[in-house]
Amino acid sequence: MNAHSTARRKLAAPTMAMLPRTADSLSFLYLDIVRVQQDDTGVCAVVTTEQRGTEVVYLPTAALSCVLLGPGTSITARAMATLARHGTTVVTTGAGGVRTYSATVPGSLNTRWLEKQARAWANDDERLGVARRMYEYRFGSGTAPREASLDSLRGLEGQRMKALYKLLAQQHRIGRFKRVYDPSAWDQQDPVNLALSAANTCLYGIVHAAITSMGCSPGLGFVHSGKQQSFIYDIADLYKAELTIPLAFTLHDAPHPEQAARRRFREGLRLFRLMPRIVSDTQRLLEPASVDEGPEDLEEEVVDLWDPVSGAVPGGVNYAGGAR
């Protein structure tokens, strides 16, 4: 192979810097009653109906953070492999993305933020710092006492939520409201509680997609603990007062509040631009200094070797007597 051909191949080869960042990706793509497969062009969703025959829609795999596969969906191994190469998380869900049953995380993800999360979670002082920042985010700038204990912050958060529920109930003239979540008596709950539970579940799905796309662990929570979704609950709580709670109160007289909440929440995602916010907020919580670093240098995201002194040394090097 001559030098000209070698140069052309290097120019044509994709680099890490060419790949879309999670913050720039689409939030999610929900599919149901389709077959997802790979052809010579790319990954596509194939839909066959009696009225319109067979239709093929190609998926923007390189720009997707997450694909939600709902009921009636099948996917081929070749399509899964392509999604994995593009760093797309694949989640199996219930109708409308309301339940998350399983998630397939691509092995190509960098572990930078997972390592930061694990270190902060394993150190009590750092974990307390992250938890405090989560509460301060909810309260807004300057409203959280600087030296308040975690127990005091939990109490302040409870008071804030009660005040918000009371204000929204007065605005919508629905009388006294109490937040209730009881799966065993689901049908006996009022429309606001039903709508809020449905909207929160949608929010959990979006947060799940974002943090797994970053390579973080859903189970290592800082405020919540004990479940595989602990970190999802931590991050989702940052946005409920802005997104899901006001939405639920607007549906207090809806005949089908659950369905209406899911539909309205999905429609509003285009305006929320929630995925970039989740990514930047999660980074800020785990490492406040990271917001001043600018875009990450993806060219440097390669496998290193751990070192107890320097933290990491370059991989791909033969350290026997300095020989390479």
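Which residue in S3 does valine 36 stand opposite? The partner is alanine 45, and this pair is a handy place to start a walk through the model, which is a predicted one.

**The first sheet**

Valine 36 faces alanine 45 of S3, and the strands around them, S2 (residues 35–38) and S3 (residues 43–49), are paired in the antiparallel sense over four bridges. Both strands sit in an open sheet of four strands, ordered S4-S3-S2-S6, with mixed pairing. At the edges of this sheet are S4 (53–58) and S6 (74–75), each of which pairs on one side only. A helix also meets this sheet: H2 (residues 77–85) lies across S2, S3 and S6, and H2 runs at about 75° to S2.

**The second sheet**

Another open sheet, again with mixed pairing, is built from four strands in the order S1-S5-S7-S8. Its edge strands are S1 (29–31) and S8 (100–104); each has a single partner strand, so one side of each is left without a neighbour in the sheet. From one strand to the next, the twist averages 20°. Within this sheet, S7 (residues 89–93) and S8 run antiparallel and are joined by four bridges. If you would like a residue pair to look for here, threonine 92 stands opposite serine 102 in S8.

Here are the two antiparallel strand pairs side by side.

| Strand pair | Bridges | Facing residues |
|---|---|---|
| S2 and S3 | four bridges | valine 36 and alanine 45 |
| S7 and S8 | four bridges | threonine 92 and serine 102 |

**A pair of helices**

Further along the chain, H6 (residues 191–213) and H9 (residues 257–272) have axes that come within 8 Å and cross at roughly 40°. The two helices are therefore oblique to each other, and their crossing is right-handed. On the H6 side, the contact is made by Pro191, Leu194, Ala195, Ala198, Ala199, Cys202, Leu203 and Ile206. H9 contributes Pro257, Glu258, Ala261, Arg262, Phe265 and Leu269. What kinds of residues make up the contact of H6 with H9? Twelve are nonpolar, two are charged and none is polar.

**The protein as a whole**

Stepping back, the secondary structure comes to ten helices and ten strands. The protein has 324 residues, and buried residues make up 39% of them. Looking at contacts between residues at least 6 apart in sequence, 57% join residues at least 24 apart.

Terms used. Residues are numbered from 1 along each chain as its sequence is written. This is a predicted model: local features need pLDDT of at least 70, side-chain atom pairs count only at pLDDT 80 or more; totals for chains, interfaces and linings use all residues. Side-chain values use heavy atoms; hydrogens and water are left out. Two strands pair if DSSP finds at least two bridges between them. Contact means heavy atoms within 4.5 Å. Axes are lines fitted to C-alpha atoms, for helices over the stretch in contact, and angles run from 0 to 180 degrees between N-to-C directions. Angles under 35 degrees count as roughly parallel, over 145 as roughly antiparallel, 65 to 115 as roughly perpendicular and the rest as oblique. A crossing is left-handed if the near helix is turned anticlockwise from the far one by less than a right angle, and right-handed if clockwise. Ala, Val, Leu, Ile, Met, Phe, Trp, Tyr, Cys and Pro count as nonpolar, Asp, Glu, Lys and Arg as charged, and the others, Gly among them, as polar. Buried means under 20% relative accessible area, exposed over 50%, partly exposed in between (1.4 Å probe, protein chains only).
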